[in-house]
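Visitor: I'm new to this one, and I'd like a close look at a single part of it. Could you start with the overall layout and then zoom in?

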Amino acid sequence: MKIAVPRERRAHERRVAATPDTVKKYIGLGFEVVVEAGAGLESQVSDELYINAGATVEADLAALYRGADVVLKVQRPLVAGEGELNELALIPKGALLLGVLSPFNDPESVAAYAAAGVTAMALEFVPRISRAQSMDVLSSQSNLAGYRAVLDAAYEYDRAMPMMMTAAGTVAPAKVMVLGAGVAGLQAIATAKRLGAIVSATDVRPAAKEQVESLGGRFVMVDSEETREAETAGGYAKEMSDDFKRRQAELVATTIKTQDIVICTALIPGRKAPTLVNDEMVASMRPGSIIIDLAVEQGGNCTASKPGEVVNVGGVKVVGHFNVPSRLAADASALYAKNLLNYLTPLVKAEEGAPAGLALDFADEILAAATLTRDGRVVHSAFVEQAE
Ligand code: NAD
């Protein structure tokens, strides 16, 4: 069984889907691992480290993919017309493709996997059940993004975060507000607290209150019956009513004008991110304030944010970095690679004396949730209709 680990080719992507640690584990499971030359460089993993771990390093991409049973990716492969080459065309028919495939961002890619005869699994669809915690790529990457968002804010902020009482005068602590208290938001709260800021946060899920407060943040929220129903069985937020949105906008508007830094992390799976900060609210902040929009690539929580840009709106810097986990590529790759290993390991069946093989039980709730295509067909319920 051969695992292929290509270099990521999409813009702003510095991560890699396997590390020397996970390579060793795959080899222990009976796999042969081939890594594209230079694939780990931006995550501080040299070719030599992969070779020392037992992998083969291959510079020729066609040779890398030839005969691969499993392809480990961070982002979805390039298809015809998307970039320097068509990676999908190189993946052998019948191979298992694992990655954060973002099918909602590119529904046509799902049909392309089916047509290519690839068994495509989107790791971000793995359900948040206890058994799958160690496979949870959303958590491992969002956690780092929440941390980095605060450091990016501190970097852009022309003031200090903690209170400093010095002989030359007192520096006031920064006031930080975090919008959305999921995995990224909670890590942002913890990081801002560690830097000495005064932190508040909001969410639509009442369960977030206790978590925010346990980190020393103040929880502010619209008082509405609707919030009782705001959380899906999977723990995610739902789209709220227009009335709730109006009341939430009032709450954010009154709070935000007293804040120095706003960290936006609110998302609704499969939908555009909710708009929480409008132009008027940005204008109400004092010059020198910072807004970090982690949701910028999903449409943004802030109307002024632009993907990949730091925009100055009347002295307020609105930061919309691409792919924030990739800004901590070494740690993000290490955790992501471990998530993939934890996903793949239970799928490996080794019979005594026989080489390792894959046994895919598509009735299993984890595989059922993650599998987009198999046997030349689109099988994920969210995309079946589009394919017909
Ligand atoms: P996410 O990235 O989908 O969204 C980020 C946050 O934005 C969420 O807390 C969401 O409630 C919030 N949000 C959405 N719309 C909003 C709005 N209009 N205003 C304010 N906030 C809004 O969420 P996530 O970080 O992936 O976490 C989702 C849930 O999953 C959380 O309850 C988390 O604790 C839970 N979780 C469970 C596990 C597990 O059990 N294995 C692992 C990780 C996360």
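How many helices and strands are there in the protein? And after that, take me to strand β4: is it buried or exposed?

Guide: Happy to, and one thing to keep in mind is that this is a predicted model. The protein has twelve helices and 19 strands. Its radius of gyration is 22 Å, close to the 21 Å that the globule rule gives for 388 residues, so the protein is as compact as a globular protein of that length. If you draw a box along the principal axes, the C-alpha atoms fill roughly 70 × 50 × 40 Å. Of the 388 residues, 46% count as buried. The chain also brings distant stretches together: take the contacts between residues at least 6 apart in sequence, and 67% of them join residues at least 24 apart.

Now for your strand. β4 covers residues 70-75, and six of its six residues are buried, so the strand is largely enclosed by the rest of the structure. Let's see what it pairs with. Strand β1, residues 2-5, runs parallel to β4 and is joined to it by two bridges. You can pick out one pairing by eye: I3 has V70 of β4 as its bridge partner. β4 also pairs with strand β5, residues 96-100, again in the parallel sense, over four bridges. Here V70 turns up again, with L96 as its bridge partner in β5. In other words, V70 is bridged to I3 and also to L96.

With β4 in view, here are some other places to compare it with. Look at V57, which sits in strand β3, residues 56-58. V57 is buried, with 20 other C-beta atoms within 10 Å. Leaving aside neighbours within four places in sequence, V57 is in contact with V35, A37, D47, Y50 and I51. E36 is 21 residues away from V57 along the chain, yet their C-alpha atoms are separated by 5.6 Å.

For a helix, try α4, residues 108-115, where the buried residues are S109, V110, Y113 and A114. Seen down the axis of α4, these buried residues fall within an arc of 145 degrees, so they line one face of the helix. The general reason such a pattern can arise is that an α-helix has 3.6 residues a turn, so residues three or four places apart point the same way. Just after α4 comes G117, with a positive phi of about 70 degrees.

Then there is an open sheet of seven strands, with mixed pairing, in the order β11-β10-β9-β12-β13-β15-β14. β11 (218-219) and β14 (310-313) stand at its edges, each with a single partner strand, so one side of each is left without a neighbour in the sheet. At the β14 edge, four bridges join that strand to β15, residues 316-319, and the two run antiparallel. There, V310 stands opposite V319 of β15.

Last stop, the ligand. It is surrounded by 29 residues, and the closest are G180, G182, G235, A237 and A266. Helices α5 (137-156) and α6 (183-194) each supply at least two residues of that shell. Sorted by class, the shell has 16 nonpolar, nine polar and four charged residues.

Terms used
Residues numbered from 1 in each chain as written. Predicted model: local features only at pLDDT ≥ 70, side-chain atom pairs only at ≥ 80, totals over all residues. Near = placed C-beta within 6 Å. Nonpolar A, V, L, I, M, F, W, Y, C, P; charged D, E, K, R; others polar. Buried ≥ 20, exposed ≤ 12 C-beta atoms within 10 Å, placed from the backbone. Pairing = 2+ DSSP bridges. Rg over C-alpha atoms; globule rule 2.2 N^0.38 Å. Contact = placed C-beta atoms within 7 Å. Arc of directions from axis to C-beta.
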